[in-house]
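Hello,

Here is the structure I promised to pass on. Have a look at it first, and then read on for what turned up in it.

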Amino acid sequence: MAFTGGEGVGAVYDAVGADTCERSLASLAIKGHLVHYGQASGPIPPFDLSRLGAKSAKVWRPFLWPYISTRETLACRFPKTLCGDGGRGIAGHPWRS
């Protein structure tokens with residue numbers, strides 16, 4: 001918090017999990033976002049969601065599979081996220097007609 005002058009950060013991307021969860025939550029600014037996307041040190045233990053209320057903070061636990069579970073969603077998302085071509089597609093890839 002000293003680094004931000006006590007304000008906290010707008011977003012924390014936490015791939016570690018259990019070992020860093022408490023510090024990640026504590027470092028959030030008002031209306032901050034905690035994106036928990038991994039658990040290298042183990043899963044985050046359950047916690048009381050009312051703890052988020054004081055800062056109006058949000059926790060998000062994305063999982064890749066729902067975003068790519070069908071050919072259509074994979075084709076739609078792959079070029080936008082990994083290729084940076086704005087979704088125009090990549091010639092020669094099997095999901096493009």
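**What was found**

Strand β1 (residues 9-14) and strand β2 (residues 28-36) run parallel, and five bridges join them. Please keep in mind as you read that this is a predicted model. One place to see the pairing is D14, which stands opposite H36 in β2. The two strands also belong to something bigger than a pair: together with helix α1 (residues 21-26), β1 and β2 make a right-handed β-α-β unit.

H36 is a good residue to click on next. Its place is in strand β2. Is H36 buried or exposed? With a relative accessible area of 6%, H36 falls under the 20% cut-off, so it counts as buried. Leaving out residues up to four places away in sequence, H36 touches D14, G17, I44, W60, R61 and P62. With one of these there is also a polar contact: the side chains of H36 and R61 are joined at 3.4 Å.

Now for the protein chain as a whole. It has three helices and three strands, and along the sequence they follow the pattern β-α-β-β-α-α. The chain has 97 residues, of which 24% count as buried. Among contacts with a separation of 6 or more, 38% come from residues 24 or more positions apart. The surface that the chain exposes is about 6800 Å², with carbon and sulfur atoms supplying 62% of it.

Happy browsing, and best wishes

Note on methods. Residues are numbered from 1 along each chain as its sequence is written. This is a predicted model: local features need pLDDT of at least 70, side-chain atom pairs count only at pLDDT 80 or more; totals for chains, interfaces and linings use all residues. Side-chain values use heavy atoms; hydrogens and water are left out. Two strands pair if DSSP finds at least two bridges between them. Helices (H or I, at least four residues) and strands (E, at least two) are DSSP runs, numbered from the N terminus. A crossover is right-handed if, with the strands pointing away from the viewer, the path from the first strand over the helix to the second runs clockwise. Buried means under 20% relative accessible area, exposed over 50%, partly exposed in between (1.4 Å probe, protein chains only). A polar contact is a pair of N or O atoms within 3.5 Å; within protein, one must be able to donate a hydrogen and the other to accept it, and residues adjacent in sequence count only if both atoms are side-chain atoms. Contact means heavy atoms within 4.5 Å. Accessible areas come from the Shrake-Rupley method with a 1.4 Å probe; for residues, only the protein chains shown count as cover.
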